Amino acid sequence: MIKNLYIKTYGCQMNVYDSGRIKDLLKPLNYQLTDDPSQADLSILNTCHIREKAEQKVYSDLGRLRQHQTTRRQQGGEMLIAVGGCVAQAEGDEILRQAPYVSMVFGPQTYHRLPEMIAQVARQQDSKKGKAGRGIVDTDFPIESKFDSLPASQSTSTSAFLSIQEGCDKFCTFCVVPYTRGAEYSRPAKDILIEAKRLVELGSKEITLLGQNVNAYHGQAPNVNQEWGLGRLLLELASIEGLQRLRYTTSHPRDMDQDLIDAHGQIPQLMPFLHLPVQTGSDTLLKAMNRKHAAKDYLGIIDRLRKARPDIAFSSDFIVGFPGETQKDHQDTLELVRQVNFAQAYSFKYSIRPGTPAGSMDQQVPEAIKTERLYELQDLLNEQQWAFNRTKVGTVQPVLFERVGKIPGQILGKTPYMQSVPLVAPQRLVGSLVDILVKEGYANSLMGVIIDSNEPVASAA
Ligand code: SAH
Ligand code: SF4
Ligand code: F3S
């Protein structure tokens with residue numbers, strides 16, 4: 001019997017990847033995805049712990065799921081509720097205390113055990129004649145890698161994610177990731193190549209390699225007793241026929257080694273767009289954050305990348321209002337932004353995270369000042385983004401169309417710079433790279449016209 005699976009994903013791309021793998025994992029158990037939680041036999045929240053807001057959302061969404069669960073029970077059905085991801089890892093048992101109607105709590109490194117957990121819950125229910133027992137919590141950091149237990153990926157998206165590295169040993173003082181994802185781990189290159197080839201066979205034209213510190217990648221090389229860094233791995237991936245675009249995220253400035261910088265000059269498939277978080281332009285704060293580099297080091301890396309690949313553009317992450325941030329520190333951040341000139345960026349108010357060193361630092365910045373600084377920074381970043389988008393007007397951009405849009409007849413694609421291009425065009429172009437003459441550059445997208453539709457058109461899958 002087919003069962004409905006509802007998954008809601010919060011947070012970063014790694015969670016998006018994990019949710020895809022969870023779907024693949026549960027397929028042999030006859031679960032198929034639904035986007036309607038009221039019809040779900042199993043609902044999973046794949047959660048994010050990075051900022052307080054993300055975490056609060058989980059509890060409000062759990063409340064809503066509970067209502068659906070009650071309705072389904074009244075109708076003689078059942079809905080199991082599971083919480084996975086980084087909040088689950090951080091809170092474990094606490095989730096069951098606050099939401100006893102949850103059956104399973106599992107972390108980012110234990111979701112491969114989900115079929116076992118589901119079977120265990122079913123056994124409990126049988127022995128208690130339908131009444132749910134106490135939920136199961138599995139937030140181990142197992143010795144075995146989940147990747148060895150997962151079935152082959154079934155993703156058929158034009159642009160696919162592929163996790164190659166997990167966890168983090170860097171312990172930036174504001175961040176929960178080292179606690180929620182565990183120690184740094186790199187998958188063997190052979191496994192990554194197999195997965196990448198499979199994704200391309202299933203129709204992916206673009207692969208984004210993922211890791212919390214993706215450029216810290218140091219995986220076992222195929223056949224020889226050596227390790228490969230990310231630069232070497234990218235070279236190998238670029239030789240996969242049919243793979244037209246490569247990207248990687250998220251990188252740490254400290255792991256931007258020469259091999260990787262060279263790869264940007266050598267590999268045409270590697271898109272000239274790099275997300276390289278800097279967090280702040282203040283050396284005092286970079287130190288307090290434990291980022292282990294100075295602002296000038298970051299600027300130096302940007303320069304070297306621009307030399308290797310002159311058309312490269314950058315995006316970044318910023319935190320405003322880190323404990324102790326002065327007006328001068330904030331000005332240093334604005335100055336760094338002016339020097340780099342970003343094509344895109346994410347910026348956040350510092351959010352106190354339990355258990356992190358910065359959470360207990362003195363000199364927490366008042367909320368109103370955080371807000372003011374965030375707006376000032378965002379004004380500058382938005383201005384730069386819009387200006388960058390306008391520089392593409394009059395140029396021809398290869399656009400990879402990934403899906404149909406919300407407006408009937410519209411399809412959505414991305415330029416090499418991740419700029420969104422909506423276009424009214426035949427749906428058969430989804431899955432194709434099409435040359436677009438850019439006519440307008442807006443704040444968040446580009447508008448253009450097709451100048452070349454001779455590209456082989458994607459077969460309808
Ligand atoms: N590994 C990446 C970042 C992963 S977390 C890196 O080192 O850059 C994604 C982003 O969330 C971070 O870059 C940071 O800008 C933001 N972030 C992390 N912890 C935060 C916190 N406590 N408050 C606000 N933003 C935070
Ligand atoms: Fe968090 Fe720092 Fe690790 Fe990035 S490098 S995941 S910010 S601890
Ligand atoms: Fe959030 Fe975990 Fe990713 S905390 S940002 S889902 S690694």
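In this predicted model, the UniProt record, an unreviewed entry, places the feature "domain: MTTase N-terminal" at residues 3–123. Helix makes up 50% of that stretch and strand 20%. The C-alpha atoms at its two ends lie 18 Å apart.

Strand 1 covers residues 3–9 and contains Y6. Y6 is buried, because its relative accessibility is 14% and the cut-off for that class is under 20%. Its contacts beyond four places in sequence are T34, D35, D36, P37, A40, L42, S43, I44 and L65. S38 is 32 residues from Y6 in sequence. In space, the C-alpha atoms of Y6 and S38 are 9.0 Å apart.

Helix 1 spans residues 13–26 and includes D18. The relative accessibility of D18 is 1%, so D18 counts as buried. With neighbours up to four places away set aside, D18 contacts N46, Y111, K146, E166 and R181. One of these contacts, R181, is also among the residues around ligand 3.

The UniProt record, again unreviewed, gives a "binding site" at C12, C48 and C86. These three positions span 75 residues in sequence, yet none of their C-alpha atoms are more than 10.5 Å from one another, so they gather at one spot. C12 sits in the loop between strand 1 and helix 1. C12 is partly exposed, at 36% relative accessible area. C48 occupies the loop that runs between strand 3 (42–47) and helix 2 (52–74). C48 is buried, with a value of 10%. Outside its sequence neighbourhood of four places, C48 touches Y10, G11, N15, A54, E55, C86 and V87. Thus C86 is both a contact of C48 and a position of the annotated site.

Ligand 3 lies at these cysteines. C12, C48 and C86 are among the residues around ligand 3. The others are N15, T47, H49, I50, R181 and Q212. By class, the shell holds four nonpolar residues, four polar residues and one charged residue. N15, a member of this shell, is also a contact of C48.

Ligand 1 is surrounded by 16 residues. The closest are Q212, Q279, R291, D317 and S351. Q212 also belongs to the shell of ligand 3. A backbone N or O atom of Q212 is 2.7 Å from a nitrogen atom of ligand 1. The side chain of R291 places a polar atom 3.0 Å from an oxygen atom of ligand 1. For D317, an N or O atom of the side chain lies 2.6 Å from a ligand 1 oxygen atom. On its own, ligand 1 has 550 Å² of accessible area, and the protein covers 90% of it. Strand 15 (313–320) and strand 16 (344–349) are the elements that each give two or more residues to the shell. The shell around ligand 1 comprises six nonpolar, five polar and five charged residues.

Ligand 2 is surrounded by C168, K170, F171, C172, F174, C175, V177, P178, N213, H252 and R291. Seven residues of this shell are nonpolar, two are polar and two are charged. R291 appears around ligand 2 and is also one of the closest residues to ligand 1.

Several backbone features lie in loops. The peptide bond joining T249 and T250 is cis, with omega about 0°. T250 falls in the loop between strand 13 (245–249) and helix 9 (258–266). K292 is not a glycine, yet its phi is positive, at about 65°. The loop between helix 10 (283–288) and helix 11 (295–308) holds K292. K292 is exposed, at 52% relative accessible area, because the exposed class begins over 50%. M418 likewise is a non-glycine residue with a positive phi of about 65°. M418 lies in the loop between strand 18 (410–414) and strand 19 (420–424). At 33% relative accessibility, M418 is partly exposed.

Methods
Residues are numbered from 1 along each chain as its sequence is written. Chains are lettered from A and ligands numbered from 1 in the order in which they are written. This is a predicted model: local features need pLDDT of at least 70, side-chain atom pairs count only at pLDDT 80 or more; totals for chains, interfaces and linings use all residues. Side-chain values use heavy atoms; hydrogens and water are left out. UniProt positions are given in the numbering used here, feature names are shortened, and annotations may be inferred rather than shown by experiment. Helices (H or I, at least four residues) and strands (E, at least two) are DSSP runs, numbered from the N terminus. A residue is near a molecule or strand if one of its heavy atoms lies within 4 Å of it. A polar contact is a pair of N or O atoms within 3.5 Å; within protein, one must be able to donate a hydrogen and the other to accept it, and residues adjacent in sequence count only if both atoms are side-chain atoms. Accessible areas come from the Shrake-Rupley method with a 1.4 Å probe; for residues, only the protein chains shown count as cover. Ala, Val, Leu, Ile, Met, Phe, Trp, Tyr, Cys and Pro count as nonpolar, Asp, Glu, Lys and Arg as charged, and the others, Gly among them, as polar. Buried means under 20% relative accessible area, exposed over 50%, partly exposed in between (1.4 Å probe, protein chains only). Contact means heavy atoms within 4.5 Å.
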